[in-house]
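Please look through the model below with the sequence beside it. The paragraphs that follow take up one residue, then several sheets, and then the second chain.

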Amino acid sequence: MISGWRAAALGLLALALGGCATLRGSGDLGLVIERTSGRALIVDTTHRSELAEISGLGDLSHATVVYSRDERYAYVFGRDGGLTQIDMLRARVARRVVQGGNSIGGAISQDGSLVAVSNYVPGGVKVFAADTLQPVADIPAYYGTEGKRSKVVGLVDAPGQRFVFSLYDAGEIWVLNMRDPAHPAVRRFKDIGRLPYDGLITPDGRYYIAGLFGEDGMALLDLWHLDRGVRRILDGYGRGERALPVYKMPHLEGWAIAGDYALVPAVGYHEVLVVNRRDWTIRKRIPVHGQPVFVIARPDGRKVWVNFAHPLNDTIQVIDVERLRVERTLKPGKAVLHMEFSPRGEQVWVSVRDDNRVLVYDTESYRQLAALPAENPSGIFFAARAHRTGL
Amino acid sequence: MRILLGLLILALPVLATASGLSAARRAELTNLLHQDCGSCHGSRLTGGLGPALTSTALAGMNTAKVARIIANGRPGTPMPPWKPLLSSDEIQWLAQRLLSGKEDPK
């Protein structure tokens, strides 16, 4: 029997949580970006349903999302420089700033106190307080001698309250140390290779790797040993073959690790590269359906899911990691843009942009479990990212 | 007869630029422009890894030049040649469309 005051207290709590009758956690929630309409959908990954729609997020082409470590807030980085903090429980915009002219992505610091945004225009990185979105640091990406600023790509968080990113025009990797927020310290690594297009960090936070568009190879930085500098790996993986046109840049978000191997998209070849993590040499080139865009390991590492660039983007292939070959080809529909696994990988959510829906698959049986309507869905981001370095 | 043939030949490019493209195909191309070109140039064509494609950004270029870049790409940059995927009429239509400002952000 609930006493009168206790019932009143419960009522207040419910009111405080946005008037919802039921309490909920945020750990099984996620966001689906609707890229053309400036909206994001809050979804429940356990019940595979849409809970709410958040609008007014600006230009969401290439939008990305990170989460606060309590998984209460999502930070959406829009193309138009918008940085929006969404309250996942109240299902509304908590704060929003337009911090740059043209942005590409963001990251949240190890301790969750800082959010960094990478900008194309004006080229550089800006850092904000995660709770208030007040500016903390501005790191313009100057390079060369003429005061030019580079577009910044591949921004990730790293242990030691650091952010790591690549300068597309300059061919550099910078490590930004924010341990003392009043005195940001940058360490620059030059001549890493031509046109780094994206970067990733291994899940343990040790290695940062930039993919290069301008040459066959990748640039590797050991964050435990910065003095060893940047190393070239997978040099000349195309072995002089003529590269095919690339109609969409691959993304290096996530890092498909399976035992001793890591799997990454080749650029200009319809292949997934299998890299030996001990010496960073190529173990195998797996032929696939098209130019890979995302190469993402199921959380248990046994399978790797791959989607493809235009015009072959109606397909997903699943690689069996033990045998290092494609074991399954799926045709989810027109323009498959992104895949996101549930935290332990029993289901995967797939955005099918031109079919205006998100499909949910069982990752063992490949059975389709659900289809949710969404307008031109692109990125899918689950709250469990809050606890993973580099996501 | 010869005059007639001459006139016909003269008229052909005009017919092509008035676009023999169906409304459905034009809708597909518009989608391609904002979604797929948009993955580098921004879905509002205001720029990203690739430059902005608004009519202001392209000022000073003519249709032939824009069409040439779409067809052949720009070697040394990520801009790929679209010739393998699109017909020259389609490329021409896209170039005109960009320069006309009809695809600029509202």
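Which residues does Ile42(A) touch, not counting residues up to four places away in sequence? In this predicted model, the residues that Ile42(A) touches under that condition are Leu29(A), Leu31(A), Leu51(A), Ala52(A), Ile54(A), Met88(A) and Ala91(A). Ile42(A) itself has its place in strand β2 of chain A, which covers residues 39-44. Is Ile42(A) buried or exposed? A residue is buried if 20 or more other C-beta atoms lie within 10 Å of its own, and Ile42(A), which has 22 C-beta neighbours inside 10 Å, therefore counts as buried. From Ile42(A) to Pro250(A) the separation is 208 residues in sequence, and in space it is 26 Å from C-alpha to C-alpha.

One of the residues touched by Ile42(A), namely Ala91(A), leads on to a hairpin. This hairpin is formed by β6(A) and β7(A), with four residues between the strands, and in it Ala91(A) takes a positive phi near 55°. Strand β6 of chain A (residues 82-87) and strand β7 of chain A (residues 92-98) run antiparallel and are joined by six bridges. Within that pairing, Leu83(A) has Val97(A) of β7(A) as its bridge partner.

Further along chain A there is an open sheet of four strands, whose order is β18-β19-β20-β21 and whose pairing is antiparallel. Its edges are taken by β18 (196-201) and β21 (230-233) of chain A, and because each of these has a single partner strand, one side of each is left without a neighbour in the sheet. On average, and with direction ignored, neighbouring strands of this sheet are turned by 25° against each other. The edge strand β21(A) pairs with strand β20 of chain A (residues 218-222) in the antiparallel sense over four bridges, and Met218(A) finds its bridge partner there in Ile233(A) of β21(A).

Another open sheet of chain A is built from four strands in the order β22-β23-β24-β25, again with antiparallel pairing. Here the edge strands are β22 (256-258) and β25 (281-287) of chain A, each of which pairs on one side only. For this sheet too, the average turn of neighbouring strands against each other is 25°, direction ignored. Three bridges hold the antiparallel pair of β22(A) and strand β23 of chain A (residues 261-265), and in this pair Ala256(A) stands opposite Leu263(A) of β23(A).

Chain B is built with four helices and zero strands, so that its elements run α-α-α-α from the N terminus on. Of its 106 residues, 29% count as buried, and among contacts in chain B between residues at least 6 apart in sequence, 55% join residues at least 24 apart.

How do two of these helices meet? Helix α3 (residues 63-72) of chain B and helix α4 (residues 88-100) of chain B pack at an angle of about 125°, their axes being 8 Å apart, and α3(B) and α4(B) are therefore oblique to each other. The crossing in which α3(B) passes α4(B) is right-handed. Among the residues that make the contact are Val66(B), Ala67(B) and Ile70(B) of α3(B), together with Ile91(B), Leu94(B) and Leu98(B) of α4(B). By type, the residues of this contact of α3(B) with α4(B) divide into nine nonpolar, three polar and no charged.

The two chains also meet, in a contact that takes 20 residues from chain A and 17 residues from chain B. On the side of chain A that touches chain B, the residues divide into nine nonpolar, five polar and six charged.

Notes:
Residues are numbered from 1 along each chain as its sequence is written. Chains are lettered from A and ligands numbered from 1 in the order in which they are written. This is a predicted model: local features need pLDDT of at least 70, side-chain atom pairs count only at pLDDT 80 or more; totals for chains, interfaces and linings use all residues. Axes are lines fitted to C-alpha atoms, for helices over the stretch in contact, and angles run from 0 to 180 degrees between N-to-C directions. Helices (H or I, at least four residues) and strands (E, at least two) are DSSP runs, numbered from the N terminus. Angles under 35 degrees count as roughly parallel, over 145 as roughly antiparallel, 65 to 115 as roughly perpendicular and the rest as oblique. A crossing is left-handed if the near helix is turned anticlockwise from the far one by less than a right angle, and right-handed if clockwise. Two residues are in contact if their C-beta atoms, placed from the backbone, lie within 7 Å. Ala, Val, Leu, Ile, Met, Phe, Trp, Tyr, Cys and Pro count as nonpolar, Asp, Glu, Lys and Arg as charged, and the others, Gly among them, as polar. A residue is buried if 20 or more other C-beta atoms lie within 10 Å of its own, exposed if 12 or fewer, and partly exposed in between; C-beta atoms are placed from the backbone. Two strands pair if DSSP finds at least two bridges between them.
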